[in-house]
Amino acid sequence: MSENLIKPENLVYQKTEALTDRVMHYCPGCGHGTAHRILAEVIQEMGIMDQTIGVAPVGCSVLAYYYFNVDMQEAAHGRAPAVATGIKRVFPEKFVFTYQGDGDLAAIGTAETIHAINRGENILIVFVNNGIYGMTGGQMAPTTLVGMKSSTSPFGRDTKTMGSPLKITELIAQLPGAYFVTRQAVHKPGNVRKAKKAIRKALEYQKLDKGTCFVEIVSNCPSNWKMTPVQSNKWMEENMFPYYPLGDIKVPEDN
Amino acid sequence: MAKRGDVVIDIEKCKGCEVCVSVCPQEVLALAPEVNKKGYHYAVKVNSDCTGCTNCAIVCPDAVITVYREK
């Protein structure tokens with residue numbers, strides 16, 4: 001009855017060539033995989049695979065250099081924006097991105113993040129925020145929500161002793177060097193499409209030498225939040241989004 | 001009438017996170033009772049209502065879904 005649709009001329013979606021064939025080590029349902037994929041898709045669609053240099057962080061995404069089919073450099077913990085600065089200054093015609101988690105970017109790397117953006121380095125920073133230190137076993141991060149339980153805040157984050165969750169994206173949006181700052185998510189098809197557009201925009205701005213573009217991706221951590229992936233996405237919508245609202249935070253004034 | 005589509009799932013790379021199952025508007029996908037070599041219940045097609053909308057593929061963290069749609 002139904003003829004076979006699986007023919008090359010009917011192909012509408014396949015894994016991008018800008019990702020390697022290696023199976024990612026991420027936990028099932030982790031947003032890192034989707035974030036990697038959309039960044040790789042944009043790189044392939046722009047035809048800049050041979051002109052892109054990525055900088056991998058420390059954290060869950062420390063092995064990002066195995067997955068992107070572009071030139072990659074591993075940075076010391078938190079120092080990805082500093083390493084990217086060096087790479088971009090030596091190869092100003094290349095597209096340079098860093099891919100960092102919240103522990104890397106908003107905790108140990110706060111200084112590098114702020115100063116690189118303040119200098120307006122012409123790089124793309126992709127920041128994946130899941131509110132917890134995933135790789136080391138779910139300790140409290142600067143971005144952990146108030147009242148959220150983690151292995152080092154077992155009774156929930158108490159602002160009196162642990163401070164408030166750091167909105168690093170709003171913080172760096174104040175800096176004159178930041179050109180385009182946005183917050184997206186990758187848990188639903190619509191969000192994935194929007195996040196991909198934001199990354200595309202950021203790389204287009206990099207071509208025009210506009211300054212630092214910063215794309216935050218609010219993500220989940222099913223393993224350390226101790227939920228199924230689908231539950232964690234729902235929890236993220238209900239708890240993370242009110243504190244970290246999605247949308248553009250700083251858009252260029254000249255367009 | 002909506003166009004017909006089809007999906008091909010790389011079951012050995014699927015981690016059974018079920019995110020694709022929850023976003024399919026046609027309820028085409030489900031987790032298999034069997035497991036792959038890594039021990040995950042992988043995603044499978046359970047009916048032929050696929051329209052090739054690519055929702056499942058674009059939320060798949062492991063990029064294991066390939067989508068076809070009739071022209």
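**Exercise 1. Determine the strand order of the open three-strand sheet that involves E1(A), and identify its edge strands.**

Solution. In this predicted model, the open sheet of three strands is ordered E1(A)-E4(B)-E1(B), and its pairing is antiparallel. The edges are formed by E1 of chain A and by strand E1 (5–9) of chain B, each of which pairs on one side only. From one strand to the next, the twist averages 30 degrees.

The link between the chains can then be examined. E1(A) is joined by two bridges to strand E4 (residues 65–69) of chain B, and the two strands run antiparallel. Within this pairing, Leu11(A) is found opposite Tyr68(B) of E4(B).

**Exercise 2. Describe the side of chain A that touches chain B: which elements supply at least two residues each, and what are the residue classes?**

Solution. Begin with the contacts: 26 residues of chain A meet 29 residues of chain B. Four elements of chain A each supply at least two residues to this side, namely strand E1 (11–13), helix H1 (31–45), helix H8 (189–207) and helix H10 (229–243). H1(A) gives the most, with four residues. Classified by type, this side of chain A comprises 15 nonpolar, seven polar and four charged residues.

For confidence, the predictor assigns the complex an ipTM of 0.94 and a pTM of 0.95. Chain B has a mean pLDDT of 95, with 99% of its residues at 70 or more.

**Exercise 3. Establish the order of the seven-strand sheet of chain A, and explain why E3 and E8 of chain A each have one side without a neighbour in the sheet.**

Solution. The order of this open sheet is E3-E2-E4-E5-E7-E6-E8 (chain A), with mixed pairing. E3 and strand E8 (247–250) of chain A are at the edges and have a single partner strand each, so one side of each lacks a neighbour in the sheet. The twist here averages 20 degrees from one strand to the next.

Next, consider one pair in detail. E4(A) and E5(A) are parallel and share five bridges; Gln100(A) stands opposite Phe127(A) in E5(A).

Finally, place a helix on the sheet. H8(A) lies across E4, E5, strand E6 (178–185) and strand E7 (212–218) of chain A, and runs at about 165 degrees to E6(A).

**Exercise 4. State which residues of helix H3 (residues 80–90) of chain A are buried, and name elements that cover them.**

Solution. The buried residues of H3(A) are Ala80(A), Pro81(A), Val83(A), Ala84(A), Thr85(A) and Lys88(A). Their cover includes strands E2 (52–56), E3 (71–74), E4 (95–101) and E5 (124–129), together with helices H4 (102–108) and H5 (110–118), of chain A.

Note on methods:
Residues are numbered from 1 along each chain as its sequence is written. Chains are lettered from A and ligands numbered from 1 in the order in which they are written. This is a predicted model: local features need pLDDT of at least 70, side-chain atom pairs count only at pLDDT 80 or more; totals for chains, interfaces and linings use all residues. Two residues are in contact if their C-beta atoms, placed from the backbone, lie within 7 Å. Ala, Val, Leu, Ile, Met, Phe, Trp, Tyr, Cys and Pro count as nonpolar, Asp, Glu, Lys and Arg as charged, and the others, Gly among them, as polar. Two strands pair if DSSP finds at least two bridges between them. Axes are lines fitted to C-alpha atoms, for helices over the stretch in contact, and angles run from 0 to 180 degrees between N-to-C directions. pLDDT is the predictor's confidence in each residue, from 0 to 100. A residue is buried if 20 or more other C-beta atoms lie within 10 Å of its own, exposed if 12 or fewer, and partly exposed in between; C-beta atoms are placed from the backbone.
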